[in-house]
Amino acid sequence: MTASSRWADLWPRFTSALVMLVVAAVAIWSGGIVFNAVIALICGGIFWEMAAMYWPGQGMRAVKLGLIAAVAFFVSTFLPLLAAIALLVIPVVVLAIEDRAKFAKPLAVLGVWIMLAGFGFVWLRNALNVDWLLWLVCVVVATDVAGYFAGKMIGGRKFWPRVSPKKTWSGTSAGWVAAALVGAMFTGPLDHGVFLIVLSVLISMASQAGDVAESALKRQRGVKDSSALIPGHGGLFDRFDGMLGASALFLGLFALANL
């Protein structure tokens with residue numbers, strides 16, 4: 001592989017990432033309905049991509065499911081917790097009913113993951129503290145960026161070649177180091193010490209687990225990307241799989257800590 005081909009996707013990845021960064025900054029700064037709507041659109045888009053991967057050639061069926069997921073998610077952000085959770089489950093139930101093949105169970109698990117992780121982001125921004133949301137996003141972005149560059153420049157032994165042939169141990173471990181550094185930077189603003197650094201590494205691992213899970217799904221379905229919505233990145237699921245993994249772990253840990 002030549003140096004130019006190795007970095008061929010860098011410019012489209014950078015340009016797309018810059019656009020997404022601006023959108024994310026506006027949404028996080030605005031909060032409320034704007035932020036809720038952006039997360040709802042992302043979750044609906046991921047549902048559409050997931051359905052399209054499992055139901056090839058049935059575009060309108062996948063679009064319908066994506067719209068149901070987006071609307072249900074957006075409405076749920078205005079409801080009390082129990083009612084919100086009940087509404088979030090509706091797209092998952094529709095997904096399981098719509099699927100007439102052997103994929104109903106794995107699709108339902110993926111659907112629950114997507115909706116609850118998305119809800120975790122809304123809860124972080126609107127109920128906990130925007131600083132916590134910024135920390136989580138920075139951990140995931142740092143993990144991804146460090147992993148990308150370390151994997152390209154250092155290379156070495158593959159992390160899990162059967163599932164994700166491009167990922168290396170050098171990139172994976174670089175992501176953990178970057179996450180720890182982000183955690184150290186946020187110890188002051190979030191008023192936590194070493195605990196936050198450890199948590200940052202755990203969140204980094206959850207982010208990578210989300211990435212690997214989505215890679216396994218794509219290999220199972222025989223596709224390279226979840227869609228072609230984002231130049232250099234693939235689809236929404238390709239770009240936000242790590243965020244979903246991180247959000248799900250943080251929401252679960254917070255719930256356990258407050259039982």
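## Leu 107 and helix H6

Leu 107 is buried, its relative accessible area being 0%. In this predicted model, the residue belongs to helix H6. Leaving aside residues up to four places away in sequence, Leu 107 touches Met 50, Tyr 54, Trp 55, Leu 95 and Asp 99. Trp 176, by contrast, is 69 residues from Leu 107 in sequence, and the C-alpha atoms of the two are 30 Å apart in space.

Helix H6 also contains Val 112. This valine is partly exposed, with a relative accessible area of 36%, whereas Leu 107 is buried at 0%. Between Val 112 and Ala 255 the chain separation is 143 residues, and their C-alpha atoms are separated by 16 Å.

## Overall architecture

The protein has 10 helices and two strands. Read from the N terminus, the order of elements is α-α-α-α-α-α-α-β-β-α-α-α, with the two strands next to each other in that order.

A compact globule of 259 residues would have a radius of gyration near 18 Å, and the value for the protein, 18 Å, agrees with this. Along the principal axes, the C-alpha atoms fill a box of roughly 45 × 45 × 30 Å. Among contacts with a separation of 6 or more, 69% are between residues 24 or more positions apart.

## Burial and surface

Buried residues make up 45% of the 259 in the protein. The accessible surface comes to about 13100 Å², and carbon and sulfur atoms account for 74% of that surface.

## The second largest pocket

The second largest pocket holds about 1100 Å³ of space. It is lined by 40 residues, of which Ala 17, Met 20, Leu 21, Val 141 and Arg 239 are the closest to its centre. By class, the lining consists of 34 nonpolar, three polar and three charged residues.

Several helices contribute to this lining. At least two residues each are supplied by helix H2 (10-30), helix H3 (32-54), helix H6 (104-128), helix H7 (130-153) and helix H10 (236-257). The largest share, 14 residues, comes from H2. Helix H6, which carries Leu 107 and Val 112, is thus one of the helices that supply at least two lining residues.

## Helix H9 and the loop before it

Ser 200 lies in helix H9, which spans residues 194-221. With a relative accessible area of 0%, Ser 200 is buried. Apart from residues up to four places away in sequence, the serine touches Trp 135, Val 139, Ala 179 and Gly 183.

The loop between helix H8 (169-186) and H9 contains Asp 191. Most residues other than glycine have a negative phi. Asp 191 has a positive phi of about 60° although it is not a glycine. At a relative accessibility of 68%, Asp 191 counts as exposed, because the cut-off for that class is over 50%. Ser 200, in the helix that follows the loop, is buried.

Terms used: Residues are numbered from 1 along each chain as its sequence is written. This is a predicted model: local features need pLDDT of at least 70, side-chain atom pairs count only at pLDDT 80 or more; totals for chains, interfaces and linings use all residues. Side-chain values use heavy atoms; hydrogens and water are left out. Helices (H or I, at least four residues) and strands (E, at least two) are DSSP runs, numbered from the N terminus. Buried means under 20% relative accessible area, exposed over 50%, partly exposed in between (1.4 Å probe, protein chains only). Contact means heavy atoms within 4.5 Å. On a 1 Å grid over the protein atoms alone, a cavity is a set of points where a 1.4 Å probe fits but cannot get out, and a pocket is an open set with protein on both sides within 12 Å along at least five of seven lines; lining residues have an atom within 4 Å of a point. Grid points are joined across faces, edges and corners, and a volume is the space filled by probe spheres set on the points. Ala, Val, Leu, Ile, Met, Phe, Trp, Tyr, Cys and Pro count as nonpolar, Asp, Glu, Lys and Arg as charged, and the others, Gly among them, as polar. The radius of gyration is taken over C-alpha atoms; the globule rule is 2.2 Å times the number of residues to the power 0.38. Accessible areas come from the Shrake-Rupley method with a 1.4 Å probe; for residues, only the protein chains shown count as cover.
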